[in-house]
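Take a look at the model below. This short report follows a metal site and a ligand site.

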Amino acid sequence: MRHKKIKILAFETSCDDTAVAVVENGKKVLSEVRVSQAQHNAWGGVVPEIAARLHAEKWKGALEECLKKANLSMEEIDFLACTQGPGLQTSLLIGNTAASFLSLQHQKPLIPVHHIHGHICSVFLERVEEISFPALVLTVSGGHTQMHLFYSEVDGVMLGTTLDDAAGEAFDKVAKMLGLGYPGGPIVSEKAEKGDKKKYDFPKIYLEKDSLDFSFSGLKASVYRLIEQVESVDEIFITDVCASFEYTVGKIFLKKIERVLEKYPEIKSVFFVGGVSANQYLKSVIREFLQHYCKNFFTPQNINFSTDNAAMIGSAAYFLVQKNPQIAKVQFVEADSRLCFLGSTKKNKSDTN
Ligand code: KG4
Ligand code: ZN
């Protein structure tokens, strides 16, 4: 198996994108199709019933287009993969059923993948240079804000997680409060470019001295109170709020990264992944900060690999099957919206080496 080029056809339907990709040896993206669902924008957030119905309508067309773009037939695919969870149960159900159906029909082994593991492996996509471990991984999306310590592409422990809102969710809610639409992250970051990041001193919630967890609900509430107080929400106010909010999120990330690097000096690389890693400002402050620590910084090669995509699932599946060939079976995979993280135990505080 080592010298053969392994082609994995992967599905990602954990939220509102119907994504299918073919990935070779965990890194090379042979083709990628993503059908986005603009239908949710009018509701200011994802409506699960609408998402599931659209996944059911679109997956087959997306699959056919993906194979065509890669110039491959199902017979040339070595493995199938799908996001098993976490995510919206009804959305996951469609992708898992589609992948399972193909597994049984074509007798192809199917590899279930944890969504966060997919995000972590997004840094390997289209990357030529080697990545050295151990790595601190900061995963920031609409549903998660987590830090992991990874020893290889597949072995890791969770160091911290959000106690309330995820950072991406906070971006979305701030955008909603300012009447900017959904999804909020890209709009807030665009507005922030023109604003004064020091204008509003929002609370930087670092939690207890050694905590590696996150909390964003206080920051969100503080933005809400400010908006309530002002007489008019004009463009200057919006850009300043967005810039100050983004600056505060950046400060929180840097503090948490600093705590981890001081506790685990053996760390060689830092990954920043998940939808929020599409943010140019946050990427640049983290990159600059890490130069002082002489750590390698890795973030997905393009912003389409930051937000939900199927290629990252194909990448994670490849590394999983390399480590444990038994996980790939002709099977029906049950969607699991509340899937815990693989090896989710937090690293013991006294266990520093
Ligand atoms: O990983 P992802 O695509 O889906 C989940 O797994 O949740 O992340 C989506 C999140 C949304 O909250 C979205 O607002 C945020 O990523 N996001 C951004 C940017 N682009 C997407 N947040 C900040 N700046 C961006 N440029
Ligand atoms: Zn995601």
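H119 lies in helix 3. The model is a predicted one. In it, H119 has 0% relative accessibility. Buried means under 20%, so H119 counts as buried. D308 is buried too. The side chains of H119 and D308 are joined by a polar contact of 3.0 Å.

**The zinc site**

Which residues coordinate the zinc ion (ligand 2)? The donors are H115 through NE2, H119 through NE2 and D308 through OD. Their distances run from 2.0 to 2.1 Å. Along the sequence, the spacing of these donor residues reads H-x3-H-x188-D. H119 sits in helix 3 (residues 115–121), while D308 sits in the loop between helix 9 (303–306) and helix 10 (311–323), so this pair ties together parts that are 189 residues apart in sequence.

**Contacts with ligand 1**

Now turn to the other ligand. The table lists contacts between protein atoms and an oxygen atom of ligand 1.

| Residue | Protein atom | Distance to an oxygen atom of ligand 1 |
|---|---|---|
| H115 | polar side-chain atom | 3.2 Å |
| G168 | backbone N or O atom | 3.1 Å |
| D172 | side-chain N or O atom | 2.7 Å |

How much of ligand 1 does the protein cover? On its own, ligand 1 has 550 Å² of accessible area, and the protein covers 87% of that.

H115 appears at both sites. It is a zinc donor, and its side chain also has a polar atom 3.2 Å from an oxygen atom of ligand 1.

**The shell around ligand 1**

Ligand 1 is surrounded by 18 residues. The closest are G142, D172, G185, G275 and D308. D308 is also one of the zinc donors.

What kinds of residues make up this shell? It holds four nonpolar residues, 12 polar ones and two charged ones.

Helices contribute to the shell as well. At least two residues each come from helix 3, helix 4 (167–177) and helix 5 (184–192). Helix 5 gives the most, with four residues.

Why does ligand 1 lie between two domains? Domain 1 (7–121 + 304–327) gives residues to the shell, and domain 2 (130–300) does too, so ligand 1 lies between them.

**Back to the start**

H119 can now be placed in its setting. It is a buried residue of helix 3. Its NE2 atom coordinates the zinc ion (ligand 2). Its side chain makes a polar contact with D308, and D308 is among the residues closest to ligand 1.

Note on methods: Residues numbered from 1 in each chain as written. Chains lettered and ligands numbered in written order. Predicted model: local features only at pLDDT ≥ 70, side-chain atom pairs only at ≥ 80, totals over all residues. Heavy atoms only, no water. Donors = N, O, S within 2.8 Å, 3.2 Å for Na, K, Ca; no water. Buried < 20%, exposed > 50% of the residue type's maximum accessible area, 1.4 Å probe, protein only. Near = heavy atom within 4 Å. Polar contact = N/O pair within 3.5 Å; in protein donor to acceptor, adjacent residues only side chain to side chain. Areas by Shrake-Rupley, 256 points an atom, 1.4 Å probe, with all protein chains shown as cover. Nonpolar A, V, L, I, M, F, W, Y, C, P; charged D, E, K, R; others polar. Domains from an automatic or database assignment.
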